Amino acid sequence: MTAEQAHQDQEQDLAGRAALVTGSSRGLGRHYALHLARRGADVVIHDVDDRAAAEFGEAESGEAVAAEVRALGRRSAFVTADLTDPAAAERLVATTVETLGRLDILVNNAGGDIGATGPRPDPNDALDIDPDDIRAVVERNVLTTMYTCKFAGQHMRDRRTGKIVNVGSVAGHIPARNGIIYAAAKAANSHYTRCLAEELRPFDVNVNCISPAPTYTGRFLATRNVADQSDRSRLQQVAQPGDMAAIVLFLVSSASDHLTGETIVCW
């Protein structure tokens, strides 16, 4: 190992760090949690309930992911909470602190569009979408992020240290005719990140955002017709979960200590 490789390895060492990854019983959230655990972090696994994996034909469950983390020699627990309820978000953060002793890392992965388990409802545009669906998408993506940041941010502010990664989407950076509410909600997460970063800058709390490209997950495979990718360049192919997890690792490690208020868009 070269000196440069050793330095990079040290920068991404999360030994002794305490993390919470929301929406982590399956999909990208599971990959984020396990990636952090492999680098040394203790991780609390969260989802709204323990049925999400089965809905997408996946074998995992929240308890199973927590067991995977423990098998790596890290502490873990699975906690259910509906993060559209601020009281539930507060309890989740409190439970994480009680379980792990503190909270150093928050990854706000919970979210999703309407019609996540099958074809999107028609209509799903700005003018004709059902108002209840508008409310659900905003609550699921924006309010869950804001509520969890509120309570985790208070803890990190008081300790004067912490890393927060909010999750947007490439959909939040390009015009969309279908799924416009989801796109707008993810764009809101990106700007909320910029604003919260300024509020927490004096307390050495970094707040950044990742906007993933379409990625091979159970949800993606359940809702998309996947074309052959072999004739496409690397940057034209659907991303793998590990590609996104590596960016999250960068954002929660000391390698990003002087990066805050930024959104990494994974085109």
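Is R160 buried, partly exposed or exposed? I took this up as my opening entry, working from a predicted model. I found R160 partly exposed, with a relative accessible area of 48%.

**Entry: R160 and D204**

I placed R160 in the loop that runs between helix 6 (131–159) and strand 5 (162–167). Its backbone drew my attention, since R160 is not a glycine and yet has a positive phi of about 60°.

I then looked up D204, which also has a positive phi of about 60° without being a glycine. I located D204 in the loop between helix 7 (180–200) and strand 6 (205–211). I recorded D204 as exposed, because its relative accessible area is 56% and exposed means over 50%.

**Entry: the protein as a whole**

I noted nine helices and seven strands in the secondary structure of the protein. The protein has 267 residues, and I recorded that 49% of them count as buried. I also looked at contacts between residues at least 6 apart in sequence, and found that 77% of these join residues at least 24 apart.

**Entry: helix 2**

How far apart are the end C-alpha atoms of helix 2? I found them 17 Å apart. Helix 2 covers residues 27–38, and its twelve residues should span 16 Å at 1.5 Å a residue, so the two values agree.

I next asked how much of helix 2 is covered, and found nine of its twelve residues buried. I listed these as G27, L28, G29, R30, Y32, A33, L34, L36 and A37. Against which elements do these buried residues pack? I noted strand 1 (18–21), strand 2 (42–47) and strand 4 (105–108), together with strand 6. I added two helices to that list, helix 4 (62–71) and helix 9 (241–252).

After helix 2 I came to G40, which has a positive phi, near 115°.

I then turned to R30, a residue of helix 2. I entered R30 as buried because its relative accessibility is 14% and the cut-off for buried is under 20%. I also looked up the pair R30 and P241, which are 211 residues apart in sequence. In space I found R30 and P241 to be 9.3 Å apart, C-alpha to C-alpha.

**Entry: helix 6 with helix 7**

At what angle do helix 6 and helix 7 pack? I recorded an angle of about 15°, with the axes 9 Å apart. I therefore described helix 6 and helix 7 as roughly parallel to each other, as angles under 35 degrees count as such. I noted their crossing as right-handed.

I listed the residues that make this contact. From helix 6 they are I134, V137, V138, N141, V142, T145, M146, C149, G153 and R157. From helix 7 they are I181, Y182, A185, K186, A188, N189, Y192, L196 and L200. I sorted the residues of the contact of helix 6 with helix 7 into 13 nonpolar, four polar and two charged.

**Entry: H191 and S169**

I looked up H191 in helix 7. I entered H191 as partly exposed, since its relative accessibility is 44%. H191 and G261 are 70 residues apart in sequence, and I found their C-alpha atoms 8.5 Å apart in space.

Is S169 buried or exposed? I found S169 buried, with a relative accessible area of 9%. I placed S169 in the loop between strand 5 and helix 7. Leaving out residues up to four places away in sequence, I noted that S169 touches Y182, K186, S211 and P212. I had already listed Y182 and K186 among the residues of helix 7 in contact with helix 6.

**Entry: helix 5 with helix 6**

I closed with helix 5 (residues 86–100), which packs with helix 6 at an angle of about 40°. I recorded the axes of helix 5 and helix 6 as 8 Å apart. The crossing of helix 5 and helix 6 is right-handed.

Which residues make this contact? I listed P86, A89, E90, V93 and V97 from helix 5. From helix 6 I listed Y147, T148, F151, A152 and H155. I sorted the residues of the contact of helix 5 with helix 6 into seven nonpolar, two polar and one charged.

Definitions and conventions. Residues are numbered from 1 along each chain as its sequence is written. This is a predicted model: local features need pLDDT of at least 70, side-chain atom pairs count only at pLDDT 80 or more; totals for chains, interfaces and linings use all residues. Side-chain values use heavy atoms; hydrogens and water are left out. Helices (H or I, at least four residues) and strands (E, at least two) are DSSP runs, numbered from the N terminus. Buried means under 20% relative accessible area, exposed over 50%, partly exposed in between (1.4 Å probe, protein chains only). The expected span of a helix is 1.5 Å times one less than its number of residues. Contact means heavy atoms within 4.5 Å. Axes are lines fitted to C-alpha atoms, for helices over the stretch in contact, and angles run from 0 to 180 degrees between N-to-C directions. Angles under 35 degrees count as roughly parallel, over 145 as roughly antiparallel, 65 to 115 as roughly perpendicular and the rest as oblique. A crossing is left-handed if the near helix is turned anticlockwise from the far one by less than a right angle, and right-handed if clockwise. Ala, Val, Leu, Ile, Met, Phe, Trp, Tyr, Cys and Pro count as nonpolar, Asp, Glu, Lys and Arg as charged, and the others, Gly among them, as polar.
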